[in-house]
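Me: I should like to go through the assignments made for this structure and ask on what grounds each one rests. Please set the values against the criteria.

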Amino acid sequence: MLTNPDIVTKTLEFYAQKGVFRAFSCIAKSKDSIRYRMQWHKERSFGLTFDVPRQSLRFEAVLPKTSAAMYEDFKRFVAERQSPELPKHRRIDPEEVRITCSRRNGDISVLVRARAGNLEYAVRALIGLVHEVYQVFLRDGRYYEYMIETFEVDRDQLS
Amino acid sequence: MSESKSIQSPEKEKAPSRRSFFKPLAAGAAAAAAYQTKLNAAPPIPSITIPKDLPTSLNETPKVSSFEGRGMTGAEIFAKLCKEEDLAAMFCCPGNYTVINAIAAAGVPAYGGRSEGSMCAAADGFSRVTGEVTACSGTEGPGFTNMIMNIGAAHSARTPLLVLASNMNIAGDDREAFIQTGYQQPTTTGMKKYGKRLTEPNRVWEYGAYAFRNLKTGIPGPVHLDFPGEVARARFTDAAKLTDFYTKDKYRTESRAVPNRKEVEQAMDMINKAERPLIVAGQGVFQRKAWEQLKIAAEKNEFAVVTSGPTRGHFPDDHRLSAAMAHDALRSADLIVFIGQYCMPSPNEYNFAAGVKAIRVHPVPEDIGRNWPVELGIVGDEKAFLDMLANEIPAKKRDAWVSELAASRAKTEKVNLDHYALGLKHSAATNHVHPAVMAKEVHDLLYAGDIDPKQTVTGCGGWTTGIFMGRWLRANRPGQGVVCGYQYGAIGPDMAMMVGASAAVQRGVGPQAAYKGAPSLVVTSDAGIAYSLFEFDTAAKYKIPLVAVVYNNNSWGMWPAAVGSPRSMHMYLFQENLRYDKMAEGLGARGEYVQTPEELRAALKRSYQIAARENVSTLINVQALKDFTNGAAYPPGIALPVEPGVGAFAH
């Protein structure tokens, strides 16, 4: 039987195997937490921590250097991902996970806690959410200059 | 011919007229009168006319060369091979004289334009809307190097483009004899499928076969041959002197790799088990003319389809199973099947769910698994695969998936309309046309009025222009849309590329047959038009009817890169209010100048009607402001396109 850390690691490895992360590793492990690092959107290095006792996963600095207004938009976007108006296969089920956003020094972090013990679902929900932040939230026109400045990309290289 | 409007802003009314400008120059009434007399005495400025030699030359009967008598030159032998291979068209500037004259004489449709680079783009455009092999040609050295940007664009687009150039004489190699010496083949390294400097006159046919083997089989790409004088002008009176002088059925094959039956069955099983399967119909589906098979299979099994590649329309945007506008639904797909995706993105570059299952069908094995890990890789011809799918895939109804596609398309339409509403507001506030408004007006002309929505071939390029216009252009039948900046991101070939595409429409080649003679339309920017504006002369010369909409925002689209760098801004700006419409008039086309949505609507309609009726091209100068890309002041700013689908240009 797989332990909870095994489930999280295996689910994340699935994404690495699918080319979603271009690089992936477990960088620190203790009884209570596991830290992972992956190279993902905009070639950024993302840090993810699994809190074993709390059954929660936290992405630090999903979006760095944000403004307060952007954070408000971000929270709205996250809430919309849980809307019953979305098709079931694209909706994050609030019965399964609780999502908490926070902002410190401009950096937005996202924490997902498995409510019903379904950790695979929690990992998939979190990965799907951050993926949509980069695929949808950042692309609607308001954050074009933010991406140029924050991710330090050349305008000709921003896709 | 000209019907240019003169829209006068209050500032312009204060500007000096010709009369008031000269007034202070005259010392008095006598001097002014003397000057007027002089003006009156000046001979009238002659009109722009098409030389009478032009129709005569175009109506000449093709010449069949023979080994008898004076025999055939190396150029004529090569031209014979091009003709036998049905080379669809050649676009060139004078230079490489022996070869271009021989190809034209052999009966290959030939066009002469104003710069080799533009002619290269035109050949690419002709190929993009037909799938056929085309050629471009230029003189050694400068003419050849002028083509480089557009050879690069053709390489990124996997265009079967034959690049020809003369290259001095072998006898002068390394001596810098006379002028224009250059090593051509190293220059095209990294942007061709095959290349060769021909050095043995008796192998000219053999290397022609090399060229077409590469152009017509496998994954297409540019082939570059450079002809030294010893080869082009060599004379042959005896076919026995030529190596490998045999017909195309001997030197290449039409045979294609048929996909393994078991693997196809596995793919069909995966498609069947998926709830929301999506086919990405890549360029290979167009190149192999497999659109009917694709449509049959899609309608039978109700899977969604989105096209990708430098050409759009091999699955209609207006089809109920099209995901080209269904941006949200792309992320719902639970199985992706890439068919003939020649330029492969990485997983996060397409708007799919993270980790979605993928199958890839590709004509050659080397590329399968590159960039995008697959559950199943199938080596095989796209048409053969889709034939099997059309014949064997079980019929299935997917009502929920079809409904989701429709809802998603409606949502994207709403976003477009929201941008349009913002654009209208900005246009009214500034008396300049916002790009979202320009895009909607072009859309309404082509797809929401009296014109058959399948009729007009369109192309689009430029940064701001491409981003706003791309999401409003539709491709409802094969070869209807050209993504001018596809993958390479070249700014500027748009106009020339669409001259080539429009030439194909005029001739009714391949998928253009049903719309033979219809006008085409290109939307480009003030930055872009500078690279190929002169091809209005070519369009006028050959009566190619093209409506060019030029978004004039007085700057390079990337001007915000200078914000915060005070000593840089001058490098990003042009003179304001340049009159590209006037420049077009000077080249024998019509010019229109617009500043409001209403003026644009009228100008578009007028220009299209004249293009259809009289084969006359028009440039519509759409006066805008660079600041419209500032999202804070003028929302929505730059909303990056969703890939794949309408507006996609990277893959």
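Reply: Two residues are in contact if their C-beta atoms, placed from the backbone, lie within 7 Å. In this predicted model, residues 24 or more positions apart account for 76% of the contacts in chain B with a separation of 6 or more.

Me: What makes chain B as compact as a globular protein of its length?

Reply: Chain B has 26 helices and 20 strands. Its radius of gyration is 26 Å, and the globule rule gives 26 Å for 651 residues, so chain B is as compact as a globular protein of that length. The C-alpha trace of chain B spans about 95 × 70 × 50 Å along its principal axes. Of the 651 residues, 55% count as buried.

Me: Why is E176(B) called exposed?

Reply: The cut-off for an exposed residue is 12 or fewer other C-beta atoms within 10 Å. E176(B) has 11 and is therefore exposed. This residue lies in the loop between β5 (161-166) and α10 (184-187) of chain B. Its phi is near 50 degrees, a positive value in a residue other than glycine.

Me: Why does N554(B) count as partly exposed?

Reply: A buried residue needs 20 or more such neighbours, and an exposed one has 12 or fewer. N554(B) has 19 C-beta neighbours inside 10 Å, so it falls in between and counts as partly exposed. N554(B) is placed in the loop between β18 (546-552) and α25 (580-586) of chain B. Here too phi is positive in a residue other than glycine, with a value near 65 degrees.

Me: What makes β10 and β14 of chain B edge strands?

Reply: The open sheet has five strands in the order β10-β9-β12-β13-β14 (chain B), with parallel pairing. β10 (304-307) and β14 (376-379) of chain B each pair on one side only, and are its edge strands. On average, neighbouring strands of this sheet are turned by 15 degrees against each other, direction ignored.

Me: How do you know that β9(B) and β10(B) pair?

Reply: Pairing requires at least two bridges between the strands. Four bridges join β9 (residues 277-281) of chain B to β10(B), and the two run parallel; the criterion is therefore met. Within this pair, V280(B) stands opposite V306(B) in β10(B).

Me: Which helices pack on this sheet?

Reply: Helix α14 (residues 261-273) of chain B packs on the sheet and touches β9, β12 (335-339), β13 (357-362) and β14 of chain B. The direction of α14 makes about 135 degrees with that of β14(B). Helix α18 (residues 382-392) of chain B also packs there, touching β12, β13 and β14 of chain B; its direction makes about 135 degrees with that of β12(B).

Me: Which residues have the most contacts inside the largest nonpolar core?

Reply: That core has 224 residues, and those with the most contacts inside it are L126(A), I103(B), V305(B) and V337(B). Not counting residues up to four places away in sequence, V305(B) touches residues including I279(B), A281(B), L294(B) and F315(B).

Me: How many residues of chain B are in contact with chain A, and what is their character?

Reply: On the chain B side, 24 residues are in contact with 22 residues of chain A. Those of chain B divide into 14 nonpolar, seven polar and three charged.

Me: Which peptide bonds are cis?

Reply: The bond from P635(B) to P636(B) is cis, with omega near 15 degrees. Another cis bond joins E643(B) and P644(B), where omega is about -5 degrees. P636(B) is found in the segment after β20 (618-623) of chain B, and P644(B) is also found in the segment after β20.

Notes: Residues are numbered from 1 along each chain as its sequence is written. Chains are lettered from A and ligands numbered from 1 in the order in which they are written. This is a predicted model: local features need pLDDT of at least 70, side-chain atom pairs count only at pLDDT 80 or more; totals for chains, interfaces and linings use all residues. Ala, Val, Leu, Ile, Met, Phe, Trp, Tyr, Cys and Pro count as nonpolar, Asp, Glu, Lys and Arg as charged, and the others, Gly among them, as polar. Axes are lines fitted to C-alpha atoms, for helices over the stretch in contact, and angles run from 0 to 180 degrees between N-to-C directions. A nonpolar core is a set of buried Ala, Val, Leu, Ile, Met, Phe, Trp, Tyr and Cys residues joined through C-beta atoms within 7 Å. The radius of gyration is taken over C-alpha atoms; the globule rule is 2.2 Å times the number of residues to the power 0.38.
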